[in-house]
Amino acid sequence: MFAGKTTYLINFAKDYEDTGEAIVFRPAMDTRYSEKECVSHDGMKVKAIPVSEPNDLAEGEHAKIILFDEIQFFNPPYFNGDISRAIKVFLRAGKDVLVCGLDTDWQGNPFHTTSLLLGMADEVIKLKAKCSVCSGEASKTHKKTKTGKIVELGNTNIYEARCNKHWTLTDL
């Protein structure tokens with residue numbers, strides 16, 4: 001978290017905003033900042049289509065570039081379908097697909113959807129945040145609350161970016 005993934009996606013989408021060649025999809029369940037926009041933690045935003053099932057992706061047929069934010073949430077119970085299959089259909093149709101999301105949860109376990117797509121990817125860019133403890137490179141998510149829930153929407157009120165040295169599960 002806090003590495004700039006959504007900001008990267010929004011900047012990419014804005015490059016094509018005037019041409020209409022790109023479309024952004026986001027999980028319908030993530031309403032932290034907006035229901036119809038993809039919004040970064042720093043307030044950048046772009047129009048996005050909320051998705052909870054494969055039919056919600058129909059507008060992608062008209063775009064050349066398909067972008068997905070928070071790809072880790074495109075699985076049950078938040079997405080009623082197989083997102084890797086849907087992405088394969090877009091790729092076979094000659095579309096460019098860019099996805100952004102977390103690769104692991106706060107316990108360090110891989111998100112299934114992200115793992116599948118990493119295997120399909122032509123290119124992987126792994127952005128890193130700054131560790132909230134030492135400001136070093138952080139690739140882990142530390143959960144500050146003790147709810148035990150794997151998925152809990154939030155920002156700095158619940159999560160911190162941590163480097164390997166400062167990431168721990170012992171206090172949860």
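The lining of the largest pocket divides into 23 nonpolar, 5 polar and 9 charged residues. The structure in which this pocket was identified is a predicted model. The pocket encloses about 1,000 Å³ of space. Its lining comprises 37 residues, of which Val99, Cys100, Glu123, Val124 and Ile125 lie closest to the centre of the pocket. Several secondary-structure elements contribute to this lining: H1, helix H2 (83–92), E6, H3 and strand E9 (140–143) each supply at least two residues.

The second largest pocket has a volume of about 530 Å³. It is lined by 38 residues, and those closest to its centre are Met1, Thr6, Arg32, His41 and Glu70. The elements that give two or more residues to this lining are H1, E1 and E2. By residue class, the lining of the second largest pocket contains 16 nonpolar, 12 polar and 10 charged residues. Helix H1 therefore appears in the lists of contributing elements for the largest pocket and for the second largest pocket, with residue classes as defined by side-chain type.Helix H1 spans residues 5–14, and its buried residues are Lys5, Thr6, Thr7, Leu9, Ile10 and Ala13. Among the elements that cover these buried residues are strand E1 (22–27), strand E2 (37–39), strand E3 (45–47), strand E5 (65–68) and strand E6 (96–99). Thr6, one of the buried residues of H1, is also among the residues closest to the centre of the second largest pocket.

In helix H3 (112–120), the buried residues are Thr113, Thr114 and Leu117. Viewed down the axis of H3, these buried residues fall within an arc of 95°, so they line one face of the helix. His112 and Gly119, on the other side of H3, are exposed. The buried residues of H3 pack against H2 and E6. H2, E6 and H3 each supply at least two residues to the lining of the largest pocket as well.

A search of the whole structure yields 7 salt bridges. One of them joins the side chains of Lys126 and Asp103, with an N to O distance of 2.7 Å. Lys126 lies in the loop between H3 and strand E7 (129–130), and Asp103 in the loop between E6 and H3, so this pair ties together parts that are 23 residues apart in sequence. Asp103 counts as partly exposed, at 23% relative accessibility.

A further salt bridge is formed by the side chains of Lys128 and Glu137, at 3.8 Å from N to O. Lys128 is partly exposed, with a relative accessibility of 41%, whereas Glu137 has a relative accessible area of 60% and is exposed. The side chains of Glu160 and Arg162 also meet in a salt bridge, for which the N to O distance is 2.7 Å. In this pair, Arg162 is buried, its relative accessible area being 11%.

Asp30, Arg32 and Glu70 are linked in a network of salt bridges. Two members of this network, Arg32 and Glu70, are among the residues closest to the centre of the second largest pocket. Glu70 is located in the loop between E5 and H2. At 13% relative accessibility, Glu70 falls under the 20% limit and therefore counts as buried. The backbone of Glu70 is also of note, since phi is near 55°, a positive value in a residue other than glycine.

A positive phi is likewise found at Ser135, where the angle is near 70° in a residue other than glycine. Ser135 is situated in the loop between E7 and strand E8 (137–138). With a relative accessible area of 52%, Ser135 is exposed. The two residues with positive phi thus lie on opposite sides of the burial classification: Glu70 is buried, and Ser135 is exposed.

The loop between E5 and H2, which holds Glu70, also contains Pro77. Pro77 is joined to Pro76 by a cis peptide bond, for which omega is about 5°.

Conventions
Residues are numbered from 1 along each chain as its sequence is written. This is a predicted model: local features need pLDDT of at least 70, side-chain atom pairs count only at pLDDT 80 or more; totals for chains, interfaces and linings use all residues. Side-chain values use heavy atoms; hydrogens and water are left out. Buried means under 20% relative accessible area, exposed over 50%, partly exposed in between (1.4 Å probe, protein chains only). Helices (H or I, at least four residues) and strands (E, at least two) are DSSP runs, numbered from the N terminus. Contact means heavy atoms within 4.5 Å. A salt bridge is a side-chain nitrogen of Lys or Arg within 4 Å of a carboxyl oxygen of Asp or Glu. On a 1 Å grid over the protein atoms alone, a cavity is a set of points where a 1.4 Å probe fits but cannot get out, and a pocket is an open set with protein on both sides within 12 Å along at least five of seven lines; lining residues have an atom within 4 Å of a point. Grid points are joined across faces, edges and corners, and a volume is the space filled by probe spheres set on the points. The arc is that of the directions from the helix axis to the C-beta atoms.
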